[in-house]
Amino acid sequence: MRAPAPARDDVAQAACMALERLRAKGPRVHCITNAVAQNFTANVLLALGCVPSMTLSPEEITGFVSGAQALLVNLGTFDAERRQATELAVKAASEKKIPWVLDPVFVDRSRPRADFARALSARGPNVVRLNRAEFSALADAEASPGAVKKYALSSKAVIGLSGEADLVTDGRQVATIANGHLLMSRVTAMGCAASAITAACLAVEPDGFRAATAGLLIIGVAGELAAEKAAGPGSFAVAIVDALYNLDAATLKARARVS
Amino acid sequence: MRAPAPARDDVAQAACMALERLRAKGPRVHCITNAVAQNFTANVLLALGCVPSMTLSPEEITGFVSGAQALLVNLGTFDAERRQATELAVKAASEKKIPWVLDPVFVDRSRPRADFARALSARGPNVVRLNRAEFSALADAEASPGAVKKYALSSKAVIGLSGEADLVTDGRQVATIANGHLLMSRVTAMGCAASAITAACLAVEPDGFRAATAGLLIIGVAGELAAEKAAGPGSFAVAIVDALYNLDAATLKARARVS
Amino acid sequence: MRAPAPARDDVAQAACMALERLRAKGPRVHCITNAVAQNFTANVLLALGCVPSMTLSPEEITGFVSGAQALLVNLGTFDAERRQATELAVKAASEKKIPWVLDPVFVDRSRPRADFARALSARGPNVVRLNRAEFSALADAEASPGAVKKYALSSKAVIGLSGEADLVTDGRQVATIANGHLLMSRVTAMGCAASAITAACLAVEPDGFRAATAGLLIIGVAGELAAEKAAGPGSFAVAIVDALYNLDAATLKARARVS
């Protein structure tokens, strides 16, 4: 049984619509993210027209999340403050039906983090974005297309698996996105930014599969454009923010390598 | 009754003097600021010749503040650690007559933060720098020129209100600064940087009104220069640090749009 | 009695070998570092081909350090969380014979920090990298070549003293590295990055003296290359990451100013 691949044009079209809605609506995206990624994540979201917020304080995070249109939970800094913030944020998101993305950074390197991520993944994230090693730790299975689809079905989350080509699946539909550039692996917080953009797309696109493909396609194409101007990972990190800001639907469509 | 507007040349001249003194004296500026802004704030201050410090530790913050020439209190990360640090820092600043700036980030989004900011504003900040929404939350009034002047008088702080044009007032004098660029709103921590530069100016210019106009004029002109070289918000954030480093008095004076 | 200076070519050769091994092996480097430096440090290490990690969580830091090939302990943020993390990390490093670098940031500004650094320096860091003011506070002595050599001998750590020219000594051998650029003092976390690169070099070069000279030479030469392309400290911070990524052994050798 082979999952149907949505037509390339459908995925690209959804990404174009998401991009345009981000700019038109400027959604609020609340981010619980790691200390290394906070600044870059905020700048990536601002470049796309979003309004990021990052507070972790128990007195106010419920209010911030309740007033946001999407939530990102990134586990890259695994401290008590962020675990408490996550508890409150996911509760608020569930109550207000605010979509959220889980990014289980480095769960392959830490058992306590993997345990925490597994408990979180049972609380209904709309999308889980992660790399192959992280998937293996989270799902206790090799990151084969079949295993990823199975995990998506059982967890009821769309899985966005980053790699040389990205794989997105809700367990039924599968899309492969071949955009991106090797320099993306040489800049910290690039995966975190992909997850943040996916959260932003969820704020304007209720379908999780379309939002996740949009998020990964947008950052992949921006990465390719940035690489054309970059002399190394330093200038690449700058150029990808510019590329996200300048990206237009025609370029996104023309460059999309979706199958 | 109309508040007297200081001559354009006076404001520009004060900014030029502050800029030159920053480079000549290299003042220490202690910053309690949010996790997103810390790196950019330090780089902005270093570009102007200052020596930034950022510690929050209760064991040492009193010493750092006592040895600094100005203090910034930015509420962008509202955690217990920073609230304790703020308590100690403001106490040290008051005792040693060290001038300080309050930046009540996002008080319009969080009641506990607004309450904390109101208590702080009663402790004698020399300058409060904020945007219109934050002013409304802090002062419980629309951000009209009249209301801002009234709040400045009653709080005895100079108010630096950021917006399309910046408004600076001590309740008697009023200056409007029309410099700046739209890209400044697309880079995180730009307002935080404006507050940090204002704190730096207070280290070398005892008059709060002159220091606040100097700070906002310096970052506004640097923003315009940066925008001329930028391809988007990524390169803009880099270029504004270069522009601050390279800014000279003649350019500052020629570009100043003060009324 | 004059310490023997290793031939210039030996130091340059060791740096070339370290650089090539970093790229070939991609060692894991765990960094306890300050909030301001985390992002830049991660990007500098990634540019050289390393895999940085930054967690501070007591539940997992032992695992991260035990799985790393080198450890950096930077005291720039002196909070309870990092002190606990340091305790666990140094314990793990000692048990697993993982080399580590101590960077006692700002110990000249804070007595509690200096006390903590002194206790740490007794636990066997392979390298201590610091500036002259920090050395004076740590060693309670002026930073003369003689005093630095004496401190290196008594502490059994290689000392990497940053300054206009860098001095590296294990108490017997002494090398002076005259590479670098003034803009390095105008970008935050540049010393922290030097320490992180030194830690990375320790991951691939067991000799502490060779690793420390390699680390400081690599960042010094990269700084010179970056300065040639920079318009100020903003673009310099970007260009040095590119330069580290693009640096080749021939350039490193040709540019080395070691005596």
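These exercises work through the fold of one chain and the way its copies are arranged in a predicted model.

Residues are numbered from 1 along each chain as its sequence is written, and chains are lettered from A, with ligands numbered from 1, in the order in which they are written. Because the model is predicted, local features need pLDDT of at least 70 and side-chain atom pairs count only at pLDDT 80 or more, while totals for chains, interfaces and linings use all residues.

**Exercise 1. Take stock of chain A.**

Task: state how many helices and strands chain A has, and test its radius of gyration against that of a compact globule.

Solution.
- Step 1. Chain A has eleven helices and eight strands. Helices are DSSP runs of H or I with at least four residues, strands are runs of E with at least two, and both are numbered from the N terminus.
- Step 2. The C-alpha trace of chain A spans about 45 × 40 × 35 Å along its principal axes.
- Step 3. For 259 residues, a compact globule would have a radius of gyration near 18 Å. Chain A has 17 Å, which agrees. The radius is taken over C-alpha atoms, and the globule rule is 2.2 Å times the number of residues to the power 0.38.

**Exercise 2. Map the sheet.**

Task: give the strand order of the sheet in chain A, then name its edge strands.

Solution.
- Step 1. The eight strands of chain A form an open sheet, ordered β2-β1-β3-β4-β5-β6-β7-β8. Its pairing is mixed. Two strands pair if DSSP finds at least two bridges between them.
- Step 2. The edges are β2 (51-53) and β8 (174-177) of chain A, each of which pairs on one side only.
- Step 3. From one strand to the next, the twist averages 15°.
- Step 4. Look at one parallel pair. Strands β3 (70-74) and β4 (100-103) of chain A are joined by four bridges. A:Val73 stands opposite A:Leu102 in β4(A).
- Step 5. Now take an antiparallel pair, in chain B. Four bridges join β7 (166-169) to β8 (174-177) of chain B. B:Leu167 has B:Thr176 in β8(B) as its bridge partner. β7(B) and β8(B) form a hairpin with four residues between them. In the turn, B:Gly171 has a positive phi of about 100°.

**Exercise 3. Place helices on the sheet and on each other.**

Task: find which strands α6(A) lies across and which strands α9(A) touches, then describe the packing of α1(A) with α8(A).

Solution.
- Step 1. Helix α6 (132-139) of chain A lies across β5 (127-131) and β6 (158-162) of chain A, at about 120° to β5(A). Axes are lines fitted to C-alpha atoms, for helices over the stretch in contact, and angles run from 0 to 180 degrees between N-to-C directions.
- Step 2. Helix α9 (208-229) of chain A packs on the sheet and touches β5, β6, β7 and β8 of chain A. Its direction makes about 165° with that of β7(A).
- Step 3. Helices α1 (8-25) and α8 (190-204) of chain A pack at about 80°, with axes 9 Å apart. They are therefore roughly perpendicular, a label for angles of 65 to 115 degrees.
- Step 4. A:Ala18, A:Arg21, A:Leu22 and A:Lys25 in α1(A) meet A:Ala200, A:Cys201 and A:Val204 in α8(A). Contact requires C-beta atoms, placed from the backbone, within 7 Å.
- Step 5. By class, the residues of this contact are five nonpolar, no polar and two charged. Ala, Val, Leu, Ile, Met, Phe, Trp, Tyr, Cys and Pro count as nonpolar, Asp, Glu, Lys and Arg as charged, and the others, Gly among them, as polar.

**Exercise 4. Relate the copies.**

Task: identify the axis that relates chain C to chain A, and dissect the side of chain A that touches chain B.

Solution.
- Step 1. A turn of 120° and a shift of 0.0 Å along the axis lay chain C on chain A, with an RMSD of 0.0 Å. Superposition is by least squares on the C-alpha atoms of residues with pLDDT of at least 70 in both copies.
- Step 2. This relation is therefore that of a three-fold axis. In chain C, the C-alpha nearest the axis belongs to C:Ala35, 4.2 Å from it.
- Step 3. Count the contacts: 25 residues of chain A meet 21 residues of chain B.
- Step 4. On the chain A side, α2 (38-47), α3 (61-66) and α10 (233-246) of chain A each give two or more residues. α10(A) gives the most, with seven residues.
- Step 5. That side has twelve nonpolar, nine polar and four charged residues.
- Step 6. Only 12% of the interface residues of chain C are also interface residues in chain A, so the copies meet through different surfaces.

Terms used. Two residues are in contact if their C-beta atoms, placed from the backbone, lie within 7 Å. Angles under 35 degrees count as roughly parallel, over 145 as roughly antiparallel, 65 to 115 as roughly perpendicular and the rest as oblique.
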